[in-house]
Amino acid sequence: MKKITTLLFVTCTCLGISAQIGINTTNPQGTLDVNGGTLIESYVIDTVNSNATGNYYLLTRSKDTTPVGKVKLLDIALRNVAPVNTYTIILKNVSQDDVLNLNTGLEKSKYVVAITGAVFTDATPGVITSTSYKSFGAYSTEVTSIVNGGKTYNAVNLSFQGAGTTSAQNGTWSLTLCVYEKALVKDWGTYTGNVNSSYIGVSTNTPIGLQ
Amino acid sequence: MAFLGLFLNAQNGKVGIKTANPTETLDVNGSSYTNSLYLRNPGEPDKTGGHFLATSSNSLQLYDPTLESSGLFNYLKLTISGVPAKGITDYDTKIDATKFLVVVHNYSFQLNDGSTEVALDYGSNGINDNKQGSPNVNTFKSNGTWHIRANFTNSKLLDYTSADPDGVYNNFKVDLYLMAYKYLITKQNINDTTKDLGGTNGSTQTLSKPSGF
């Protein structure tokens, strides 16, 4: 408190007759004008926030500044990773139609990964030969995890479950990933349910936060 | 103690500017200008509700999707009817590719009356080829907008409301559940990754992640 009082007395010597305070400026643009950074220990209570319109940026609080907590623009043009990212992966010469636990290189601790499209080409899934009647494999795409060098990564499984391809030809999977920054997503992990050979069921373990 | 609108209260350690009753350590009854703002302890995160903050004119403002022409997340169901047996090769959604990232969450192929009795004929030849096509439902960018593809590779949709489909039915419907993320939170100009798995299932291989990730 003593420090603040001293600072304000000093600044008062720069004051004109208006009820405005300038720090490091003799021409304050508002009730308080700090020509420099402002560090706030606790809360900002802003009673006159208006709504953003037109071209605007979202704001973030940085953990990497000194001191910590600088309010910055979220400008995705200047960031390597946005909250939501997408890219396409083309996997050629796949063992027939099976991709199993292929490491995406994206760490689980940093990213949540979703497959938002997966098309199989260059070979054709056939009938399953091990069953006595004619059956086909179910199209399945899944994000799994794999541990490598002590870190856990997002991996992908892609297949027509056990179908193989005509003439055992190797195919191509083209998949689109949607990669979410972990800061935006709460990953609830895996939950199980059981419909006990009936067609209906009710969850008994839905997280409270989702109810 | 008052000083041209500056009030110091030594009893409770609070300073008010243009207010005699400061409610916080510093209470400015008016606008504040600063070159940068640091929040050492901005308080507990909101558990529910609250607003995201945004800035359009150098001030802290509220982000309110209801006042915007679009939200950060935009969820929409798109029903495309009059779809021929070959499915959809290119439907222009007219959603601006410079402003949004569009992904397909779910989809459903139906007859025009909403019935789900839709089968697939691989090779589109009316005979059993012992093969199945791959679902091919996704979004792609073309001429500045998002387009949709919805079909099964090398396959024809069949109406099997009768035991012996004649393959003539040509009026399907596709429901698509889309999410459009606003450009403010997306990155979509990431190069494709191509990898030759060398005839394996890739279980011992690692893809290169996009640069910067």
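**Figure 1. Strands E8 and E9 of chain A pair in the antiparallel sense.** In this predicted model, 10 bridges join E8(A) to strand E9, residues 151–160 of chain A. The two strands run antiparallel. One bridge can be picked out by its residues: A:Asn148 has A:Lys151, in E9(A), as its partner.

**Figure 2. E9 lies between E6 and E8 in an open sheet of chain A.** The sheet has 3 strands, in the order E6-E9-E8. Pairing is antiparallel. The edges are held by strand E6 (99–107) and strand E8 (139–148) of chain A. Each edge strand has a single partner, so one of its sides is left without a neighbour in the sheet. Neighbouring strands are turned against each other by 30° on average, direction ignored.

**Figure 3. A strand of chain A pairs with a strand of chain B.** Strand E3 of chain A covers residues 57–61, and strand E6 of chain B covers residues 52–55. The two strands join over 2 bridges, in the antiparallel sense. Within this pairing, look for A:Leu58, which stands opposite B:Ala54 in E6(B). Note the chain letters here: E6(B) is residues 52–55, whereas E6 of chain A is residues 99–107.

**Figure 4. Residues from both chains make up the contact between A and B.** Chain A gives 87 residues to the contact, and chain B gives 76 residues. On the side of chain B that touches chain A, the largest share comes from strand E5 of chain B, residues 32–39. That strand supplies 8 residues. By class, this side of chain B has 32 nonpolar, 34 polar and 10 charged residues.

**Figure 5. Chain A has 1 helix and 10 strands.** Start at the N terminus: the order of elements is α-β-β-β-β-β-β-β-β-β-β. The helix therefore comes ahead of the strands in the chain. Among contacts in chain A between residues at least 6 apart in sequence, 62% join residues at least 24 apart.

**Figure 6. The C-alpha trace of chain A spans about 95 × 40 × 40 Å along its principal axes.** The radius of gyration of chain A is 29 Å. For a compact globule of 211 residues, the value would be near 17 Å. Of the 211 residues of chain A, 27% count as buried.

Note on methods. Residues are numbered from 1 along each chain as its sequence is written. Chains are lettered from A and ligands numbered from 1 in the order in which they are written. This is a predicted model: local features need pLDDT of at least 70, side-chain atom pairs count only at pLDDT 80 or more; totals for chains, interfaces and linings use all residues. Two strands pair if DSSP finds at least two bridges between them. Helices (H or I, at least four residues) and strands (E, at least two) are DSSP runs, numbered from the N terminus. Axes are lines fitted to C-alpha atoms, for helices over the stretch in contact, and angles run from 0 to 180 degrees between N-to-C directions. Two residues are in contact if their C-beta atoms, placed from the backbone, lie within 7 Å. Ala, Val, Leu, Ile, Met, Phe, Trp, Tyr, Cys and Pro count as nonpolar, Asp, Glu, Lys and Arg as charged, and the others, Gly among them, as polar. The radius of gyration is taken over C-alpha atoms; the globule rule is 2.2 Å times the number of residues to the power 0.38. A residue is buried if 20 or more other C-beta atoms lie within 10 Å of its own, exposed if 12 or fewer, and partly exposed in between; C-beta atoms are placed from the backbone.
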